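Me: I am new to reading protein models, and I would like to go through this one slowly, with questions and reasoned answers. Could we begin with a term that will be needed later on?

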Amino acid sequence: MKSQALRPQQLDAAKATDKATQLTDGAGLYLKLQWVDGKRHPKGHSWRFDYTRPVTKKRNTMVLGQYPGLSLADARAKAAELRTMVAQGIDPMEQRAEAAQATATALALVAADAERAAKEFAPAGTLQGVCQDFHELQVSNGNWSADHAAGWLSMFARKVFTVPALALKPIGEVTPIEVR
């Protein structure tokens, strides 16, 4: 595919005019220029990459970053990386969505761990952690009286939580004999 590669001078010239709406670099990469009343749009100009999704064969546009924060050279490098992914049958938008989901999940886990630490709870998934979670659930739902809740937690604290090898063991690995 023959490229109509952009030159830095074209980018500089585009800053001074409000006539162009996009500057094409070729092979799917272009700079989308956004203007409002002759001035740059508050969201700015953005580098975009057009490609055909490997599975559905539909056209898709992916925003790579804002100009001038993302330079022409960096936009070309990103576009080359995306072209390689598409050639390997990987949809860059799907991969971006999966990465965003993984990040959100990781952040939620970190927040949950911080909340557990603030309550001075044991790690989630351990025998002690599950007991503490169950206790909190029963108390918050009003299923247990204050006396029963205090007694239940006190019994576990005396008989289970004092044995770290058992208390901090993953709940799936705890056997009935160990609990007895």
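Reply: A salt bridge here means that a side-chain nitrogen of Lys or Arg lies within 4 Å of a carboxyl oxygen of Asp or Glu. Please keep in mind that this is a predicted model.

Me: Which residues are linked with Lys119 in a network of salt bridges?

Reply: In general, side chains of opposite charge can pair when their charged atoms come close. Lys119 forms a salt bridge with Glu115, and the closest N and O atoms of this pair are 3.3 Å apart. The network of salt bridges that holds Lys119 links it with Glu115 and Glu136.

Me: Are Lys119 and Glu115 buried, partly exposed or exposed?

Reply: A residue is buried under 20% relative accessible area and exposed over 50%, with partly exposed in between. Lys119 has a relative accessibility of 35%, so it falls in the middle class. Glu115 has 46%, and therefore it also counts as partly exposed.

Me: How many salt bridges does the structure hold, and what is the N to O distance between Lys169 and Glu178?

Reply: The structure holds 7 salt bridges. One of them joins Arg59 to Asp50, with 3.7 Å between the closest N and O atoms, and Arg59 counts as exposed because its relative accessibility is 59%. The side chains of Lys169 and Glu178 also meet in a salt bridge, where Glu178 is partly exposed at 33% relative accessibility, and the N to O distance is 2.6 Å.

Me: In what order do the elements of the protein chain run from the N terminus on?

Reply: The protein chain has 7 helices and 6 strands, which gives us the elements to place in order. Read from the N terminus on, they run α-β-β-β-β-β-β-α-α-α-α-α-α.

Me: How do strand 1 and strand 2 run, and how many bridges join them?

Reply: Strand 1 covers residues 22-26 and strand 2 covers residues 29-32. One of the pairings can be named, since Gly26 has Leu29 in strand 2 as its bridge partner. The two strands run antiparallel, and the number of bridges that join them is 4.

Me: Which residue takes a positive phi in the hairpin of strand 1 and strand 2?

Reply: The hairpin has 2 residues between its strands, and Ala27 lies in that loop. Ala27 counts as partly exposed because its relative accessibility is 29%. Although Ala27 and Ala79 are 52 residues apart in sequence, their C-alpha atoms are 8.6 Å apart in space. The residue with the positive phi, near 55 degrees, is Ala27.

Me: Which element gives the most residues to the largest nonpolar core?

Reply: This core has 17 residues, and those that touch the most other members are Leu29, Leu31, Trp47, Phe49, Leu64 and Leu82. Two or more residues each come from strand 2, strand 5 (45-52), strand 6 (59-67) and helix 2 (72-87). With 5 residues, the element that gives the most is helix 2.

Me: Which residues does the second, separate core include?

Reply: Besides the core just described, there is a second one, separate from it, that has 11 residues. Among its members are Cys131, Trp144, Trp152 and Leu166.

Me: Why does the distance between the end C-alpha atoms of helix 4 agree with the span it should have?

Reply: Helix 4 (residues 127-140) has 14 residues, and at 1.5 Å a residue, multiplied by one less than the number of residues, it should span 20 Å. The distance agrees because the end C-alpha atoms are apart by this value, 20 Å.

Me: What covers the buried residues of helix 4?

Reply: The buried residues of helix 4 are Leu127, Gln128, Gly129, Cys131, Gln132, His135 and Gln138. Their cover includes helix 3 (92-118), helix 5 (146-159) and helix 6 (164-167).

Me: Is Thr126 buried or exposed?

Reply: Thr126 has its place in the loop between helix 3 and helix 4. Leaving out residues up to four places away in sequence, Thr126 touches Ala167, Leu168, Lys169, Pro170 and Ile171. Its relative accessible area is 8%, so Thr126 counts as buried.

Notes:
Residues numbered from 1 in each chain as written. Predicted model: local features only at pLDDT ≥ 70, side-chain atom pairs only at ≥ 80, totals over all residues. Heavy atoms only, no water. Pairing = 2+ DSSP bridges. Buried < 20%, exposed > 50% of the residue type's maximum accessible area, 1.4 Å probe, protein only. Contact = heavy atoms within 4.5 Å. Core = buried A, V, L, I, M, F, W, Y, C linked by side-chain atoms within 4.5 Å.
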